[in-house]
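Let's take a friendly walk through a structure together. Have a look at the sequence and the 3D view, and then we can start with a question.

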2 protein chains.
Amino acid sequence: MFKLPNMSELLYYDLKDAAGVAPGLATQVCRELGRRIVAGHFAEGALIDDENKLCDRFGVSKSVVREAVKLLVGKGLLEVRRGSGTRVRRRASWNLLDDDVLAWHQGIEPRPDFLRQLMDVRQMVEPNAAGWAASSATDVQIDEIRNAQDAMERAVSIQEFVIADALFHRAILRASNNELLTAMEGVIFSALLSSIKITNDDPRDNRERSLPLHREILEAIEANDSDKASSAMCKHMADTYERLSNVLPGFRLKEAERG
Amino acid sequence: MFKLPNMSELLYYDLKDAAGVAPGLATQVCRELGRRIVAGHFAEGALIDDENKLCDRFGVSKSVVREAVKLLVGKGLLEVRRGSGTRVRRRASWNLLDDDVLAWHQGIEPRPDFLRQLMDVRQMVEPNAAGWAASSATDVQIDEIRNAQDAMERAVSIQEFVIADALFHRAILRASNNELLTAMEGVIFSALLSSIKITNDDPRDNRERSLPLHREILEAIEANDSDKASSAMCKHMADTYERLSNVLPGFRLKEAERG
DNA sequence: GCAACTTAAACATCTGATGTTTGCTTTGTC
DNA sequence: GACAAAGCAAACATCAGATGTTTAAGTTGC
């Protein structure tokens with residue numbers, strides 16, 4: 001009845017601690033519709049099937065479909081008008097910061113242009129987060145970062161390494177003690193997972209280059225050195241940019257602004 | 001039956017172009033519950049009334065309440081468990097970047113601590129946005145910024161000025177041509193509205209100080225000067241910080257990280 | 001050619017029944 | 001008395017079907 005999400009999307013939900021509880025029918029329908037919309041199966045402004053057709057297609061009752069549609073409306077993907085139908089809104093109206101919307105992007109081939117935007121945001125957010133973490137993190141929060149670093153060092157599989165990497169960056173966001181930054185962890189996950197999917201042709205190289213950069217960030221935060229944490233994170237971001245540029249032809253760093 | 005939203009919240013929805021269409025019952029119930037949760041009427045993890053009680057209280061049917069609850073679950077405010085009840089999640093799990101959640105914050109007295117976090121994010125985002133806008137904005141996008149500037153100069157009421165101010169910053173976000181930054185306009189609106197609510201004791205002063213700063217940003221973007229746009233925006237942010245610090249005792253700028 | 005009316009499509013809401021999960025209570029045994 | 005299994009009630013999940021409302025489009029009449 002439902003299409004299964006792919007590995008990246010599952011990994012995304014894992015990282016968001018959103019797994020474990022079996023989602024209801026409404027959530028399943030919502031996700032399946034959401035994946036199709038994000039994948040571009042519908043033109044901007046196109047009408048989707050009406051309630052009855054959707055009921056038939058998914059084999060569920062009207063209430064379930066209605067709830068699913070309401071969820072997608074809440075995420076800005078759909079727009080319902082009584083009398084006419086339910087249509088797909090233009091991409092500029094989507095809540096691109098929503099975790100589900102970002103997760104559904106993991107299900108499709110990453111577009112270089114969107115990945116660059118994600119990386120620009122990382123470049124903007126993470127050095128600040130590292131700096132704030134260095135000046136305001138509690139001991140417990142620093143422990144969390146250190147644990148992630150240890151897990152990266154110990155990781156034996158690619159998947160373990162990716163998860164530890166993600167947890168490292170999440171721990172820094174949380175240690176920044178800014179609720180809004182914490183709420184952006186989904187964006188960082190999305191950029192990170194997409195980057196890895198593209199650059200892991202030589203995972204060993206990835207790992208050898210990453211580890212010392214992460215260590216440097218951790219040490220700066222441990223030392224309460226805000227500036228150094230910030231610049232170490234900048235270095236890490238620049239490294240990621242460089243690796244993406246090597247692999248991805250359409251990926252271009254807007255050097256002008258970043259000098 | 002329903003509590004009416006206050007002026008700031010209405011203004012927020014106006015800016016988000018979310019007005020005009022009469023929301024359905026489910027949306028109304030969702031907003032009212034959302035306001036109460038954000039306002040802190042429920043302890044973390046507290047059970048809210050069950051479906052039947054909510055039906056009675058709001059005078060609507062089960063389906064409506066169910067949809068409203070599903071919406072709040074989607075925003076991370078609620079968590080439902082079959083058998084037990086529906087409970088309020090801890091604040092760290094809320095989607096604080098969601099436009100509705102931010103709008104509901106407008107309904108309550110702004111907490112200095114949260115306002116500082118909002119301003120830290122503005123300080124992080126807007127200089128970058130201005131820089132990218134300077135290097136990549138189209139003529140149409142620059143026109144939009146200029147129109148907002150003109151509207152600020154011409155504004156005769158405080159409300160007109162606030163709206164034009166918000167549109168100015170939104171136009172810059174959009175001109176940055178980064179979909180994720182565009183999706184953050186709600187955060188900027190929220191910070192801006194809260195700031196104004198606090199610092200508009202002397203609105204004339206506000207206006208006289210703001211206008212030249214905005215003009216400087218506009219001119220830099222018109223001149224395609226990325227660095228100047230960035231630093232002009234920094235100056236504007238610093239000014240806002242300073243005015244907030246003067247009025248708000250609990251508001252403190254973390255100077256250490258920003259040098 | 002245009003305005004007023006009609007109608008069908010599609011969403012909005014309500015009602016009430018039935019299934020399922022969970023947590024608590026009760027009961028029975030050792 | 002302790003503990004485990006069975007039973008029960010609360011609360012959400014889903015379904016089915018009826019009725020109301022809004023919108024868009026077609027139709028008629030002048």
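Which atom of DNA strand D lies 3.0 Å from a polar side-chain atom of Asp50(B)? It is a phosphate oxygen of DNA strand D. Please keep in mind as you read on that this is a predicted model.

**Around DNA strand D**

Let's stay with this strand for a moment. There are 19 residues around DNA strand D, and the nearest are Leu25(A), Ser61(A), Val64(A), Arg82(A) and Arg66(B). Of the strand D atoms that come within 4 Å of the protein, 77% belong to sugar and phosphate. Leu25(A) takes part through its backbone, where a polar atom is 2.6 Å from a phosphate oxygen of DNA strand D. Helix α4 of chain A, residues 62-74, contributes the most to the surface near this strand, with 3 residues. Sorted by class, that surface holds 4 nonpolar, 9 polar and 6 charged residues.

**Around DNA strand C**

Now turn to the other strand. Here 19 residues surround DNA strand C, and Arg66(A), Leu25(B), Ser61(B), Lys62(B) and Arg82(B) come nearest. Sugar and phosphate make up 76% of the strand C atoms found within 4 Å of the protein. Helix α4 of chain B, again residues 62-74, supplies the largest share of the surface near DNA strand C, namely 3 residues. The classes on this surface are 4 nonpolar, 9 polar and 6 charged residues.

The table below lists some of the atom pairs between protein and DNA.

| Protein part | DNA part | Distance |
|---|---|---|
| Glu51(A), polar backbone atom | strand C, phosphate oxygen | 3.1 Å |
| Ser84(A), backbone N or O atom | strand C, sugar or linking oxygen | 3.3 Å |
| Ser61(B), polar side-chain atom | strand C, phosphate oxygen | 2.9 Å |
| Ser84(B), backbone N or O atom | strand D, sugar or linking oxygen | 3.4 Å |

**Where the two chains meet**

How many residues of chain B are in contact with chain A? The count is 38 residues of chain B, in contact with 38 residues of chain A. The size of an interface is often given as the accessible area lost when the parts come together. For chain B and chain A, the buried area is about 3400 Å², with 61% of it on carbon and sulfur atoms.

Charged partners appear here too: 6 salt bridges are counted between the chains. One of the residue pairs joined in this way is Arg91(B) and Glu179(A), whose side chains meet at 2.7 Å, N to O. There are also 10 residue pairs in polar contact between chain B and chain A. Several elements of chain B give two or more residues to this contact side, including α4, α6 (112-136) and α12 (226-247). The largest share, 11 residues, comes from α6(B). Overall, the side of chain B that touches chain A divides into 14 nonpolar, 10 polar and 14 charged residues.

**Inside chain A**

Finally, let's look within one chain. Chain A is divided into domain 1 (7-91) and domain 2 (109-258), and their C-alpha centres lie 31 Å apart. In chain A, 8 residues of domain 1 are in contact with 15 residues of domain 2. Together these domains bury about 930 Å², and carbon and sulfur atoms give 62% of that area. Leu11(A), Tyr12(A) and Leu15(A) supply 58% of what domain 1 buries against domain 2, more than any other three residues. Between these two domains of chain A, the count is 0 salt bridges and 1 residue pair in polar contact.

Definitions and conventions:
Residues numbered from 1 in each chain as written. Chains lettered and ligands numbered in written order. Predicted model: local features only at pLDDT ≥ 70, side-chain atom pairs only at ≥ 80, totals over all residues. Heavy atoms only, no water. Near = heavy atom within 4 Å. Polar contact = N/O pair within 3.5 Å; in protein donor to acceptor, adjacent residues only side chain to side chain. Helix = DSSP H or I, 4+ residues; strand = E, 2+ residues; numbered from the N terminus. Nonpolar A, V, L, I, M, F, W, Y, C, P; charged D, E, K, R; others polar. Contact = heavy atoms within 4.5 Å. Buried area = accessible area lost by both parts, 1.4 Å probe. Salt bridge = Lys/Arg side-chain N within 4 Å of Asp/Glu carboxyl O. Domains from an automatic or database assignment.
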